[in-house]
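Q: Could you take me on a close look at one part of this model? I would like to see how two helices sit against each other.

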Amino acid sequence: QGIFVLGLPYALLHSGYSGLFLIILAAALCCYTGKILIACLYEENEDGQLVRVRDTYEDIANACCKKLPRKLGGIFVNVTQVTELIMTCILYLVVSGNWLSHSFPYVPVTEKTWSVIAFVTLLPCVFIKTLKIVSKLSQLCSLVHFIIILVVMTYCLTQIHRWSWAKFRLSLEFEDFLVSVGVIIFSYTSQIFLPTLEGNMKNPGEFRCMLNWTHFFACVLKTTFALTAFLTWGEETKEVITDNLPSFLQTPVNLCLLTKALLSYPLPFFAATEIVYACISRGNDPNYRSPVFALGIRGSFLLLTLLMAMFIPHFALLMGLTGSVTGAAMTFLLPSLFHLKLKWKKLSFLEKSADITVFILGCLCSIAGIVCSIKGLLEVFG
């Protein structure tokens, strides 16, 4: 459950009844692409048993692009992954500064200065070496997120007398609908982390079951949250639903959101630095595999996220443009393409049709997101 969840009521405002269907459809599609991505890690041995012969997204890409020189498939996937992960880290810093400035409006400090203050609390991230530490931080993040959702939904239930199904729109504006599609779909994305997650499970055989249940509960929570919030505020629903809360709730909720953003940062940061470190250290001088070198990479990436958060103008629009390309590619396009490439002879007609359908939907989402983001950038720059 990422920060995107807070934008789901706003997505319903612009998508109406179709938004509810999209929340369910996106859960099913993302769950499916997660499964086929992990299926690409395995091959059958002589006894017909599935054996894990690949470890990463990069390995899958290289297996599919053997005819390309210098492992270009793996390089493309790694660049795409690192770009999306770093942009996500920067987004957490930007929103942290925003929430701090809104929580303490009377303090004469700029939003960028608040981002620097938030950055200082993230410095210990350079010492994170294992996924176990990240998982504990993510667990705390989930707890904080649950508190935020609980506060918003509890307030909404106290306003049940204001609810009206007449607030749902039947007619839609195409451009607004496309924005809603982006918010809904990318609230589910997790494919970048799945190979590492599955590889670290005590019982990888339970992966598919885990994916089914997590996407089911995510779908139920997102639908319930978006519906109750939208029915409460209707046309007054803001882009981030916590901005609709009364003033006495906004400050504590903003501080919870700040905590969530800071606790969310280590996961994409760890994933990005591990990818880069693995690429640099593979087959090179032993000095590249030293702990000091790894510390240097993590420190450099940490500083990079701060500098980009401080100096890139209109970052939100650039994030939308990047996300439309990298997010759609990693979530829909590449998993379906790789699955077709590696498993073509073993797939049934229905499975092939499903993969092709997902690929086409991914292309449409990517193109729509790119058009909307470029239009927004053109409007900003006049």
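How are α2 and α9 oriented to each other, roughly parallel or roughly antiparallel?

A: Happy to help! A word on the model: it is predicted, so local features need pLDDT of at least 70 and side-chain atom pairs count only at pLDDT 80 or more, while totals for chains, interfaces and linings use all residues. Residues are numbered from 1 along each chain as its sequence is written, and side-chain values use heavy atoms, leaving out hydrogens and water.

Two packed helices are described by the angle between their axes and the distance between the axes. Here, helix α2 (residues 17–39) and helix α9 (residues 207–233) have axes that come within 10 Å and cross at roughly 160°. Helices are DSSP runs of H or I, at least four residues, numbered from the N terminus; axes are lines fitted to C-alpha atoms over the stretch in contact, with angles from 0 to 180 degrees between N-to-C directions. Therefore α2 and α9 are roughly antiparallel to each other, a label for angles over 145 degrees.

Now for the residues that meet. From α2 they include L20, I23 and A27, and from α9 they include L211, H215 and C219; contact means heavy atoms within 4.5 Å. By class, twelve nonpolar, four polar and three charged residues make up the contact of α2 with α9.

Finally, look at Y17, which lies in α2. Y17 is partly exposed, with a relative accessible area of 38% (partly exposed lies between buried, under 20%, and exposed, over 50%, using a 1.4 Å probe and protein chains only). Its C-alpha atom is 7.0 Å from that of R169, although Y17 and R169 are 152 residues apart along the chain.

Methods
Helices (H or I, at least four residues) and strands (E, at least two) are DSSP runs, numbered from the N terminus. Angles under 35 degrees count as roughly parallel, over 145 as roughly antiparallel, 65 to 115 as roughly perpendicular and the rest as oblique. Ala, Val, Leu, Ile, Met, Phe, Trp, Tyr, Cys and Pro count as nonpolar, Asp, Glu, Lys and Arg as charged, and the others, Gly among them, as polar.
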